[in-house]
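Here is a short briefing on one protein chain. Look over the sequence and the structure, then read the points below.

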Amino acid sequence: MSLDAHYFDGHSSRRHPVRLTALDGALRIEGEDGAHTIPAADIRASEPQGSAPRTLRFAGNRAFCEIAQGRELDALLAALGQRDSIVVRLQGRWRWVFVSLGVVAMVLCAAYFWGLPWGAKVIAPHIPITAMRSISEQALAQLDNFLFYPGRLPPDRQQKLRDGFRALVVDDPELAAYGDRITLVFRSAPKIGPNAFALPGGQVVILDELVQMPGSNDEEILAVLAHELGHLACRHGIRQLIQSSALAAFSAAWFGDISAAVAGLSTMLLNSAYSRDMEREADGYAAATLRRQGKSPALLASALEKLEAFHSAKKRLRDEEGANDEAGKFLDWISSHPDTAERIQHLRAAP
Ligand SMILES: [Zn+2]
């Protein structure tokens, strides 16, 4: 084991290039002026300071050597039986503690941003719809209490939409797990405006305001409902619920207390908190459903355009009036669908 170093004689500042070798428990210093050997017991190594070179001093002698830090020096010192002091070793270890803490923090972040969504995706298909059904029913009851009114569309209008909706659902293997639990629920919510949403238990809520939106037609409304069915088929609501209230869902499963999960669900619906990927997945599902029915995915695109235009106008009006009403808090369709333009483009480009 040998390495290059600089030797200072302790009298002048001149440095002499030397070659250091560990030999039989002693240090052999070999330079242009010859070689000499120093017993390991007479050697004192300086403590490592950052990346500065370390010095080896020799007992009863003003001479010293300067050596660059690195594995070679560590090996040489080890061969000479030199050990770093406890402090130095602990300092080294502290560095590892910080590195480990950093790694743990990164793992936790990864678990939150990727692990949790992944886990939710894996678990979601195994959660029985019946369990989701009762949470959804309670969430709907809660929304009925403070936000929804009963739907007021004429019965024949409701029936026509129900028939169209039934045709979207029928024979769809991806919705088979829901059995006959997929129902169209009519409500009115002036504070929310035109919208529809799916509860993970299979209830698809359609607001009168969507049906009555100026310029809307049944084909486009059904395209929106197909998108909502996409959220059901892909179990987005369940996944979102698992993610946003993992602990609440856990306690619901174990302790039967589902109040936290119910609160989580109604909040989630009000904030329309599906991720961008989920919206795109539901769009893809709707596009496939529409194509299967011989219709164009562009129907959903134009529905989205009209929704966007309607809600933008409404938001402008609210802003102009400086209104600080409750409506602003609920389901701000514009802010919760920032990528609508991109979705519309994507749907129009679909074959
Ligand atoms: Zn959606």
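The buried residues of helix α4 pack against five partners: β9 (183-188), β11 (203-207), α5 (208-211), α6 (218-233) and α10 (276-292). Keep in mind that this is a predicted model. The points below start with α4, move to the aromatic rings and end with the whole chain.

**Helix α4**

- Helix α4 covers residues 155-169, which makes 15 residues.
- At 1.5 Å a residue, α4 should span 21 Å, and its end C-alpha atoms are indeed 21 Å apart, so the two values agree.
- Which residues of α4 are buried? They are Gln158, Leu161, Gly164, Phe165, Leu168 and Val169.
- These buried residues cover an arc of only 145° around the axis, so they sit on the same side of α4.
- An α-helix has 3.6 residues a turn, so residues three or four places apart point the same way.
- The face of α4 turned away from the buried side carries exposed residues: Pro155, Asp156 and Lys160.
- Just after α4 comes Asp171, with a positive phi of about 60°.

**Aromatic pairs**

- The count of aromatic pairs comes to two.
- One pair is Phe8 with Phe64: the ring centres are 5.0 Å apart and the planes meet at 15°. Planes under 30 degrees apart count as stacked, so this pair is stacked.
- Phe8 belongs to strand β1 (residues 2-8) and Phe64 to strand β7 (residues 64-67). The two are 56 residues apart, so the pair links distant parts of the chain.
- Are Phe8 and Phe64 buried or exposed? Phe8 is buried, at 11% relative accessible area. Phe64 also counts as buried, at 17%.
- Phe148 and Phe197 form a tilted pair, with 6.0 Å centre to centre and 55° between the planes.
- Phe148 lies in the loop between α3 (129-146) and β8 (149-150), while Phe197 lies in strand β10 (residues 196-198). The pair therefore ties together parts that are 49 residues apart in sequence.
- Both Phe148 and Phe197 are buried.

**A charge over a ring**

- Arg57 lies over the face of Phe64, at 4.6 Å from the ring centre.

**The whole chain**

- The chain has 13 helices and 11 strands.
- It holds 351 residues, and 42% of them count as buried.
- Among contacts with a separation of 6 or more, 62% join residues 24 or more positions apart.
- The accessible surface of the chain comes to about 18800 Å², and carbon and sulfur atoms make up 57% of that surface.

Key: Residues numbered from 1 in each chain as written. Predicted model: local features only at pLDDT ≥ 70, side-chain atom pairs only at ≥ 80, totals over all residues. Heavy atoms only, no water. Helix = DSSP H or I, 4+ residues; strand = E, 2+ residues; numbered from the N terminus. Buried < 20%, exposed > 50% of the residue type's maximum accessible area, 1.4 Å probe, protein only. Contact = heavy atoms within 4.5 Å. Areas by Shrake-Rupley, 256 points an atom, 1.4 Å probe, with all protein chains shown as cover. Expected span 1.5 Å × (residues − 1). Arc of directions from axis to C-beta. Phe/Tyr/Trp six-rings, centres within 6.5 Å; stacked < 30°, edge-to-face > 60°. Lys NZ or Arg CZ within 6 Å of the ring centre and 35° of its normal.
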